[in-house]
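Grab a pencil and have a look at the model below. We'll work through a few exercises together, one step at a time.

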Amino acid sequence: MQETTLSKLFTLLSIVFAGLAGADYLSVAPAASTNAYGYCLQDYSSDMRKCHFDTLEQCIVLISGRGGSCARSPSSAVEAAMATN
């Protein structure tokens, strides 16, 4: 009888801990934005904008010799303004 009580208690505790672990896993916050990069490249030859640079230097290295410009990503400016409010 004591063995079945302990077995039930162990099963119940296992379910509770599994539920807590699942809830903790699901509570991880997603990234603030799908476009978290701060700088964009405007390619003059293809007229395309690519916003996937973390730093201005990364963008400048890519456009050197090809032509283009680098600028702050519009979405990162909006996020920065929202963060200061």
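## Exercises with worked solutions

Before we start: this is a predicted model.

**Exercise 1.** Find out how much of the contact count in the protein comes from residues 24 or more positions apart.

*Solution.* Begin with the contacts that have a separation of 6 or more. Of those, 39% join residues 24 or more positions apart.

**Exercise 2.** Write down the pattern of helices and strands along the sequence.

*Solution.* Start with the tally: the protein has 3 helices and 3 strands. Now read along the sequence, and you get α-β-β-α-β-α.

**Exercise 3.** Work out the strand order in the sheet, and explain why strand 2 and strand 3 each have one side without a neighbour.

*Solution.* Step one: the 3 strands make an open sheet, ordered 2-1-3, with antiparallel pairing. Step two: strand 2 (48-53) and strand 3 (68-72) sit at the edges with a single partner strand each, so one side of each has no neighbour in the sheet. Step three: on average, neighbouring strands here are turned by 25° against each other, ignoring direction.

**Exercise 4.** Describe how strand 1 pairs with strand 3, then say what helix 2 touches.

*Solution.* Strand 1 (residues 39-43) pairs with strand 3 in the antiparallel sense, over 5 bridges. For a spot to check, aspartate 43 lies opposite glycine 68 of strand 3. Helix 2 (residues 56-63) packs on the sheet and touches strand 1, strand 2 and strand 3. Its direction makes about 170° with that of strand 3.

**Exercise 5.** Which residues form a nonpolar patch on the surface?

*Solution.* They're Leu6, Leu9 and Leu12, with about 290 Å² of accessible area together. To place one of them, leucine 6 is in helix 1 (residues 2-26).

Conventions: Residues numbered from 1 in each chain as written. Predicted model: local features only at pLDDT ≥ 70, side-chain atom pairs only at ≥ 80, totals over all residues. Heavy atoms only, no water. Helix = DSSP H or I, 4+ residues; strand = E, 2+ residues; numbered from the N terminus. Contact = heavy atoms within 4.5 Å. Patch = residues over 30% accessible without salt bridge, like charges linked within 9 Å, V, L, I, M, F, W, Y side chains within 5 Å. Areas by Shrake-Rupley, 256 points an atom, 1.4 Å probe, with all protein chains shown as cover. Salt bridge = Lys/Arg side-chain N within 4 Å of Asp/Glu carboxyl O. Pairing = 2+ DSSP bridges. Axes fitted to C-alpha atoms, helices over the stretch in contact; angles between N-to-C directions.
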